[in-house]
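Subject: Handing over the structure

Hi there,

Here is the structure I promised to pass on to you. My notes on what turned up in it follow just below.

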Amino acid sequence: MYKKEYFVTLPDTDAAGILFFGNYVKLAHIIYEEFMIEIDYSLRYVIDKSKYFILIAHSEADYKKSLYLGDKYSLSLQVTKIGNSSFEITYSFSDNENNEIASVKTVHVVVTKENNKAVRIPEKLKEQLIKYQ
């Protein structure tokens, strides 16, 4: 599991000072980018130097409780499935008492840059993903 601590910032809230629902997905993507850097697969590397893209094919979110401006929260990322050409990540937002506030799930597919056809997850990437299952 990959985990970081954050707090709700003003630009992420609605007029009532509550974390806007769409921003849960944005925040999940931010920790995904940080995670990819951590495992030596930065999105910059993937875009500029690899022979493939890693696209998001599906996302979903569930909300259990609100977060407000200034609230501290933990955001964890866990690889929950690894297939031949795709992998699934679950992101969990938790409060200071480790109660789940919300969760986001994304499915990522590895495709060739030439024709957007699904290809096998590169072995080095797969090895890194396995470490976070």
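Ile82 touches Phe87, Ile121, Lys126, Leu129, Ile130 and Gln133, leaving aside residues up to four places away in sequence. Please keep in mind that this is a predicted model. Ile82 belongs to strand 3, which covers residues 72-82. With a relative accessibility of 23%, Ile82 counts as partly exposed, because buried would require a value under 20%. If you want a long distance to look at, try Ile82 and Leu10: they are 72 residues apart in sequence, and their C-alpha atoms lie 36 Å apart in space.

Ser94 sits in strand 4, residues 86-94. Its relative accessibility is 8%, so Ser94 counts as buried. Beyond residues up to four places away in sequence, Ser94 has contacts with Tyr73, Ser74, Asn99, Glu100 and Ile101.

Now for the chain as a whole. It has three helices and five strands, and reading from the N terminus the order of elements is β-α-α-β-β-β-β-α. The C-alpha atoms fit a box of roughly 45 × 25 × 20 Å along the principal axes. What radius of gyration does the chain have, and how does that sit with a compact globule? For 133 residues, such a globule would come out near 14 Å; the chain has 16 Å, which agrees. Of the 133 residues, 38% count as buried. The accessible surface amounts to about 7,700 Å², and carbon and sulfur atoms account for 51% of that. Taking contacts between residues at least 6 apart in sequence, 64% join residues at least 24 apart.

Helix 1 may be a nice one to check yourself. It spans residues 22-38, and its 17 residues at 1.5 Å each should cover 24 Å; the end C-alpha atoms are 25 Å apart, so the two values agree. Which residues of helix 1 are buried? They are Asn23, Tyr24, Leu27, Ala28, Ile31, Tyr32, Phe35 and Met36. It helps to recall that an α-helix has 3.6 residues a turn, so residues three or four places apart point the same way.

There is also some nonpolar surface to point out. Phe20, Phe21, Val25 and Tyr63 make a nonpolar patch of about 370 Å². Tyr63 lies in strand 2, residues 52-63. Tyr63 is partly exposed, since its relative accessible area is 39%.

Finally, two backbone angles you may want to inspect. Most residues other than glycine have a negative phi. Asp40 is not a glycine, yet it has a positive phi of about 65°. This residue comes just after helix 1, in the loop that leads from helix 1 to helix 2 (43-48). Asp40 counts as exposed because its relative accessibility is 59%. Asn98 likewise has a positive phi of about 65° without being a glycine. Asn98 is placed in the loop between strand 4 and strand 5 (100-112). With a relative accessible area of 55%, Asn98 is exposed too.

Do write back if you would like to go through any of this together.

Best wishes

Technical notes:
Residues numbered from 1 in each chain as written. Predicted model: local features only at pLDDT ≥ 70, side-chain atom pairs only at ≥ 80, totals over all residues. Heavy atoms only, no water. Patch = residues over 30% accessible without salt bridge, like charges linked within 9 Å, V, L, I, M, F, W, Y side chains within 5 Å. Areas by Shrake-Rupley, 256 points an atom, 1.4 Å probe, with all protein chains shown as cover. Salt bridge = Lys/Arg side-chain N within 4 Å of Asp/Glu carboxyl O. Helix = DSSP H or I, 4+ residues; strand = E, 2+ residues; numbered from the N terminus. Buried < 20%, exposed > 50% of the residue type's maximum accessible area, 1.4 Å probe, protein only. Expected span 1.5 Å × (residues − 1). Rg over C-alpha atoms; globule rule 2.2 N^0.38 Å. Contact = heavy atoms within 4.5 Å.
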